[in-house]
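Me: I'm in my first year and still getting used to reading structures. Could you take me slowly through the sheet in this one, and then through what packs around it?

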Amino acid sequence: MRFYLSSRYDGKLALREIRDKLIAMGHGPCSSWLDEREPLDIQVDDVGLELLQRYVLQDVAEILDCDTFVHFQNNNRPNIRGGALVEFGIALANEKKLIVVGDRTHIFDFMPVVTHFATTGEFLAWAEKER
């Protein structure tokens, strides 16, 4: 299964570990944003237009290519920039399997097509069975 992993930008280090576990299970990731070299606290205004456009087109292509879109919600820190919410919308509109890990934070997390896992451990246990 090919997963697109989504979260706040500053959560990408934790998601790299999850990605590596999914790869070890035999799953294929579609989340190259996890390997971007920009600092975790970078702001959109700090990045040039060409690089931003390259990143966004890559993200959209990878969302369209994935089987399952997984959003990891940091239960203590809301998503203030909104990029992950746009990604969620793209996945929803393209009928991807949708998973939310962590607290449900907006009305769309309660849609019947969204699978919810309270913890990363629960999600990884499910992913192990889905190999």
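Reply: Sure, and keep in mind as we go that this is a predicted model. Let's start at one end of the sheet, with β4 and β5. These two strands pair in the parallel sense, and four bridges connect them. If you want to find the pairing on your screen, look for Leu-98, which stands opposite Val-114 in β5. Another spot to check is Val-100, whose bridge partner in β5 is His-116.

Now zoom out a little. What is the order of the strands in the whole sheet? Reading across, you get β2-β1-β3-β4-β5, five strands in an open sheet with parallel pairing. The edges belong to β2 (28-29) and β5 (114-117); each has a single partner strand, so one side of each has no neighbour in the sheet. As background, strands in a sheet pair through backbone hydrogen bonds, and they can do that either parallel or antiparallel.

Next, step inwards from β4 to β3. Five bridges join these two strands, which run parallel. You can follow the pairing through Phe-69, which stands opposite Leu-98 in β4, and through His-71, which faces Val-100 in β4. Notice that you have met Leu-98 already: Leu-98 also stands opposite Val-114 in β5. Val-100 turns up again too, with His-116 as its bridge partner in β5. On the other side of β3 comes β1, and β1 and β3 pair in the parallel sense over four bridges. There, Phe-3 has Thr-68 of β3 as its bridge partner.

So how buried or exposed is β3? Five of its five residues are buried, so β3 is largely enclosed by the rest of the structure. Try looking along the strand: Thr-68, Val-70 and Phe-72 point one way, Phe-69 and His-71 point the other way, and all of them are buried. The story for β4 goes along similar lines: four of its five residues are buried, so β4 is largely enclosed by the rest of the structure as well.

Now for the helices that lie on the sheet. Helix α1 (residues 12-24) lies across β1 (2-6), β2 and β3 (68-72), and runs at about 170° to β1. Helix α3 lies across β1, β3, β4 and β5, at about 155° to β3.

The helices pack against each other too. In general, you describe two packed helices by the angle between their axes and the distance between those axes. Take α1 with helix α4 (residues 120-129): they pack at an angle of about 20°, with axes 10 Å apart. That angle is why α1 and α4 count as roughly parallel to each other. Their crossing is right-handed. The contact uses Ile-18, Lys-21 and Leu-22 from α1, and Thr-120, Phe-123, Leu-124 and Ala-127 from α4. Sorted by class, the contact of α1 with α4 has five nonpolar, one polar and one charged residues.

Then compare that with helix α2 (residues 49-65) and α3. Their angle is about 40° and their axes are 9 Å apart, which makes α2 oblique to α3. The crossing of α2 and α3 is right-handed. Here Asp-59, Val-60, Ile-63 and Leu-64 of α2 meet Glu-87, Ile-90 and Ala-91 of α3. By class, that contact of α2 with α3 has five nonpolar, no polar and two charged residues.

Asp-59 deserves a click of its own. Asp-59 sits in helix α2, and with 14% relative accessibility it counts as buried, because buried means under 20%. Leaving out residues up to four places away in sequence, Asp-59 touches Tyr-4, Trp-33 and Glu-87.

One last stop, back towards β4. Where is Glu-95? Glu-95 is in the loop between α3 (83-93) and β4 (97-101). Its relative accessibility is 73%, so Glu-95 counts as exposed. Its backbone is worth a look as well: the phi of Glu-95 is near 55°, a positive value in a residue other than glycine. For background, most residues other than glycine have a negative phi.

Notes
Residues are numbered from 1 along each chain as its sequence is written. This is a predicted model: local features need pLDDT of at least 70, side-chain atom pairs count only at pLDDT 80 or more; totals for chains, interfaces and linings use all residues. Side-chain values use heavy atoms; hydrogens and water are left out. Buried means under 20% relative accessible area, exposed over 50%, partly exposed in between (1.4 Å probe, protein chains only). Two strands pair if DSSP finds at least two bridges between them. Contact means heavy atoms within 4.5 Å. Axes are lines fitted to C-alpha atoms, for helices over the stretch in contact, and angles run from 0 to 180 degrees between N-to-C directions. Angles under 35 degrees count as roughly parallel, over 145 as roughly antiparallel, 65 to 115 as roughly perpendicular and the rest as oblique. A crossing is left-handed if the near helix is turned anticlockwise from the far one by less than a right angle, and right-handed if clockwise. Ala, Val, Leu, Ile, Met, Phe, Trp, Tyr, Cys and Pro count as nonpolar, Asp, Glu, Lys and Arg as charged, and the others, Gly among them, as polar.
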